[in-house]
Amino acid sequence: MKRIAVIGDISGFGRCSLTAAIPVISSLGIECCPFPTAVLSAQTGYRSYHFVDLTNEFSAYENEWQKLGYSFDGILTGYIASPAQADLITSFIKKFKTKNTVLVVDPVMADDGEIYGTYSQELCEKVAEIAKSADIITPNLSELCILADVNYRDIIEKSEDENYIEFISSIAEKLITKTLKSVIVTGVRYKGEIYNILCEKGSCRYIKSKIFGGSYSGTGDLFASVIAAKAVQGIPLKNAVNTASKFIEKSVESTFSEGTDRNDGINFQYFLEVLKSD
Ligand code: PXL
């Protein structure tokens with residue numbers, strides 16, 4: 001069985017990070033091995049939460065994994081608890097990534113132009129370094145702006161322009177290197193629809209979805225989990241982006257119809273079958 005190590009937090013509420021990754025990756029017939037970065041009573045969008053930073057546990061946990069001697073077909077990184085933990089993740093990747101391992105970095109840092117409360121400038125710089133070592137990254141627009149060092153407000157000002165999607169694609173394309181082969185910009189709002197934009201060397205394509213309400217917790221984590229699972233299965237990324245978009249669109253539609261709060265995440269549990277469609 002294929003195996004993916006997922007480095008991210010576990011949050012009691014919010015249907016994000018590991019509570020999103022484990023069911024998605026498992027439902028696709030892949031072993032999901034969680035490497036927890038933090039334990040939270042609820043994700044940080046709620047007005048109050050308890051946050052347990054696991055940075056000091058990282059090395060002991062990693063050492064045990066090294067003793068087991070297992071290797072991974074994929075590594076997916078998400079929410080990081082501290083700058084020191086980002087350094088530990090960099091070193092984990094050096095130890096565990098082989099030439100057969102797909103590294104997917106979801107550069108969790110920000111949403112709607114705002115950096116998350118538990119993230120610092122220093123941590124964002126370290127996330128950007130980790131992203132450079134990935135095969136695939138899945139930033140939202142706010143995170144793309146941080147990675148590409150462009151001003152989010154300047155981009156949003158152009159959001160009515162005819163060539164807005166091409167403009168964002170051109171920013172994403174600049175991040176592509178020999179190592180970082182695919183940049184997928186998620187959840188871009190344009191003319192009443194949501195675009196997920198896949199940029200690879202020499203070409204960008206996009207998949208459009210319907211909008212239902214505002215942005216919900218965990219959608220980026222679910223998206224990255226689908227991409228990581230499909231990538232280790234050797235499915236072309238354009239198909240994977242299509243499936244991930246459909247999965248999230250249906251889950252958001254269901255959630256919106258129930259009037260669920262954005263912090264509680266989306267009803268992905270009803271739609272895991274959609275993932276098997278390619
Ligand atoms: O979905 C991204 C995410 C992951 N983990 C935690 C978060 C967030 C976004 O707010 O707070 C703990």
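## Exercises on a predicted model

Of the 278 residues in this protein, 52% count as buried. Keep in mind that the model is a predicted one. Grab the structure and work through these.

**Exercise 1.** Work out how the radius of gyration of the protein compares with what the globule rule gives for 278 residues.

*Solution.* Start with the parts list: the protein has nine helices and eleven strands. Next, take the radius of gyration, which is 17 Å, and set it beside the 19 Å from the globule rule; the two are close, so the protein is as compact as a globular protein of that length. For a feel of the dimensions, the C-alpha atoms fill a box of roughly 55 × 45 × 40 Å along the principal axes. Then look at the contacts with a separation of 6 or more: 71% of them come from residues 24 or more positions apart. Finish on the outside, where the accessible surface is about 12,600 Å² and carbon and sulfur atoms own 51% of it.

**Exercise 2.** Find the cavities of 30 Å³ or more and say what lines the largest cavity.

*Solution.* First, count them: there are two. The largest cavity holds about 90 Å³ of space. Its lining is made of 14 residues, and those closest to the centre are Val6, Ser17, Leu76, Gly78 and Asp221. Now map the lining onto the fold: β1 (3–11), α1 (17–27), β4 (74–77) and α8 (219–232) each chip in at least two residues. Last, sort the lining by class, and you get seven nonpolar, five polar and two charged residues.

**Exercise 3.** Do the same job for the second largest cavity: what lines it, and how do the lining residues split by class?

*Solution.* Begin with the volume, about 40 Å³. Then pick out the lining: Thr77, Gly78, Ile80, Val105, Asp106, Pro107, Val108, Tyr119, Val127 and Ile130. Sorted by class, that gives seven nonpolar, two polar and one charged.

**Exercise 4.** Place Asp112 in the fold and decide whether Asp112 is buried, partly exposed or exposed.

*Solution.* Step one is location: Asp112 sits in the loop between β6 (110–111) and β7 (114–115). Step two is accessibility. The cut-offs are under 20% for buried and over 50% for exposed; Asp112 has 47% relative accessibility, so it counts as partly exposed. Step three is the neighbours: leaving out residues up to four places away in sequence, Asp112 touches Ser142, Tyr152, Arg153 and Ser215. As a last step, check the distance to Asp161: Asp112 and Asp161 are 49 residues apart in sequence and 19 Å apart in space, C-alpha to C-alpha.

Technical notes
Residues are numbered from 1 along each chain as its sequence is written. This is a predicted model: local features need pLDDT of at least 70, side-chain atom pairs count only at pLDDT 80 or more; totals for chains, interfaces and linings use all residues. Side-chain values use heavy atoms; hydrogens and water are left out. On a 1 Å grid over the protein atoms alone, a cavity is a set of points where a 1.4 Å probe fits but cannot get out, and a pocket is an open set with protein on both sides within 12 Å along at least five of seven lines; lining residues have an atom within 4 Å of a point. Grid points are joined across faces, edges and corners, and a volume is the space filled by probe spheres set on the points. Helices (H or I, at least four residues) and strands (E, at least two) are DSSP runs, numbered from the N terminus. Ala, Val, Leu, Ile, Met, Phe, Trp, Tyr, Cys and Pro count as nonpolar, Asp, Glu, Lys and Arg as charged, and the others, Gly among them, as polar. The radius of gyration is taken over C-alpha atoms; the globule rule is 2.2 Å times the number of residues to the power 0.38. Buried means under 20% relative accessible area, exposed over 50%, partly exposed in between (1.4 Å probe, protein chains only). Contact means heavy atoms within 4.5 Å. Accessible areas come from the Shrake-Rupley method with a 1.4 Å probe; for residues, only the protein chains shown count as cover.
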